[in-house]
Structure formats: structure tokens, C-alpha cells
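Welcome! Please take a moment with the sequence and the 3D view below, and then let us walk through them together.

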Amino acid sequence: MVVKVYGPTYACPKRVLVCLIEKEIEFETVHVDLFKGEAKEPEFLKLQPFGLLPVIQDGDYTLSESRAIIRYYAEKYKDQGTDLLGKTIEERGLVEQWLEVEAHNFHPPLFDLVINVLFAPLMGAPSDPKVIEESDKKIEKVLDVYEERLSKSKYLAGDFFCLADLSHLPAGHYLVNQTGRGNLVRERKHVSAWWDDISNRPSWHKVLQLYKYPV
């Protein structure tokens, strides 16, 4: 059964796509234009009542929320493709820990930054300098924690690439390449080496080649 992924051009669906490629799972994509309000149309709301991306359909199974989706496929196909969960329960615990760090500490300030720096001007809305300043400070604090962690291990959960590392790719791409803040990564030796490693994986290059960001 081919997995159907909605909204491939946006950041969070890209988290799902790179996971599917790493796990060697066949998929197809369905374009959803957020700027035209397509995610708020009745047919889409039947799949995702909050009108958010991504959503996947796998046969008669429908699932939303990108981190829930990648956990699902990493577990369902744990013996196929790249092992993204670790080989022991302790490694799995660390994968889950750093995936939660990404979701609650890394992603939120970066989301606020991207909205104000990239999307607000595009939509003719004012940016909030205070939010931008606060987001920069929060991101720097998170990256300082990462620098310490990555001075002791190649990847966040240990010496293996996992869901936690993978989950940073979509928003990290914005940070390094599109917000004028690549220096926040480059000024931190171990974070910089880690980013170069994970962002040069063939799976991520394939996602970027197939589905360009909207901004």
C-alpha cells in the first residue's frame, strides 16, 4: 500500500517525507495550498479537523501530527531501512527525550521567527521585533545545550542517526538557509558538524529536490 502524504512543500510534512525515505517506504503526495485556505475546506477538515499539515493516509488508516507519524512508521517498519529508534530501551529513551526537546524547545521559537521574518512580509502583515528578539535568544540557548551534548556524542541520542536528529531538518533548514541566522549554527563547532552531517543525508537532499519550500 502506498502512503499518501498531504502538503509536501511545507516544513512539517517534510519531516514525514524524510522519515519515509529513510525507512524505504513508498509514498505519493497531495498538494495542499495553505495560502489559498485549502486546508480549511470541508473535505480536508474531514481528515484533519484543525486544518493543519501533515496528514497521511495509509489504506484506511489516517494519521496527523508529524512527530506521531514518524514514530508510527519508525516502529511499524523498525526492521526495514534506517534504524531510527535505537537498539536498546535506553537508546529509545534518549531518542524520545531529544525528540521532545526538539518539539518543545527548538521548534517553537524557530516557528515564531520564521513567521515574523519570512511569512509576515509575504502576507503583508507586520513583523513583531520583540518576538524576533525573544526567539533569537531562545534559539541560542537551545543551541548552547546542543553544543554541550554534541561534544560528547555524534548525534543527539548517541552515536546513531535517529528520529530526534531527523526531526530538526525542516525547521533547521529555515534557520541555516533562509532567516539570515546560519551563524547561530556555524559559531558552535559541534552543532555545525552535526548539522552538516544530517542535512547532507541523501534522504534530505531528495526531499529538497522533489519538494521546494514555499518561501
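Which residues does UniProt list for "domain: GST N-terminal"? The unreviewed UniProt entry gives residues 1-81 for this feature.

## Domains

Keep in mind as you look around that this is a predicted model. In the span of residues 1-81, helix accounts for 33% and strand for 20%. The C-alpha atoms at the two ends of residues 1-81 are 17 Å apart.

The domain assignment of the protein chain gives two entries to look for: domain 1 (3-83 + 206-210) and domain 2 (89-201). Taken over C-alpha atoms, the centres of domain 1 and domain 2 are separated by 21 Å. Where the two meet, 16 residues from domain 1 and 19 residues from domain 2 take part in the contact.

## Helices α4 and α5

Two packed helices are described by the angle between their axes and the distance between the axes. For helix α4 (residues 89-122) and helix α5 (residues 129-150), the angle is about 150° and the axes are 8 Å apart. An angle over 145 degrees counts as roughly antiparallel, so α4 is roughly antiparallel to α5.

The crossing of α4 past α5 is left-handed. On the α4 side, the contact residues include L94, W98, V101, F106 and L113; on the α5 side, V131, I132, I139, L143 and Y146 are among them. By type, the residues of this contact between α4 and α5 are 15 nonpolar, three polar and five charged.

## Helices α1 and α10

Now turn to helix α1 (residues 11-22) and helix α10 (residues 202-210), whose axes come within 9 Å and cross at roughly 130°. That angle makes α1 oblique to α10. The crossing of α1 and α10 is right-handed.

You can trace this contact through K14, L17, V18, I21 and E22 of α1, which meet S203, W204, K206, V207 and L208 of α10. The contact of α1 with α10 divides into six nonpolar residues, one polar and three charged.

## Two backbone details

Which kind of peptide bond joins L53 and P54? The bond is cis, with omega at about 5°. To find P54, look in the loop between α2 (42-45) and β3 (55-58).

Another spot to visit is E24, in the loop between α1 and β2 (27-30). E24 is not a glycine, yet its phi is positive, at about 60°.

Terms used: Residues are numbered from 1 along each chain as its sequence is written. This is a predicted model: local features need pLDDT of at least 70, side-chain atom pairs count only at pLDDT 80 or more; totals for chains, interfaces and linings use all residues. Side-chain values use heavy atoms; hydrogens and water are left out. Axes are lines fitted to C-alpha atoms, for helices over the stretch in contact, and angles run from 0 to 180 degrees between N-to-C directions. Helices (H or I, at least four residues) and strands (E, at least two) are DSSP runs, numbered from the N terminus. Angles under 35 degrees count as roughly parallel, over 145 as roughly antiparallel, 65 to 115 as roughly perpendicular and the rest as oblique. A crossing is left-handed if the near helix is turned anticlockwise from the far one by less than a right angle, and right-handed if clockwise. Contact means heavy atoms within 4.5 Å. Ala, Val, Leu, Ile, Met, Phe, Trp, Tyr, Cys and Pro count as nonpolar, Asp, Glu, Lys and Arg as charged, and the others, Gly among them, as polar. UniProt positions are given in the numbering used here, feature names are shortened, and annotations may be inferred rather than shown by experiment. Domain bounds come from an automatic or database domain assignment.
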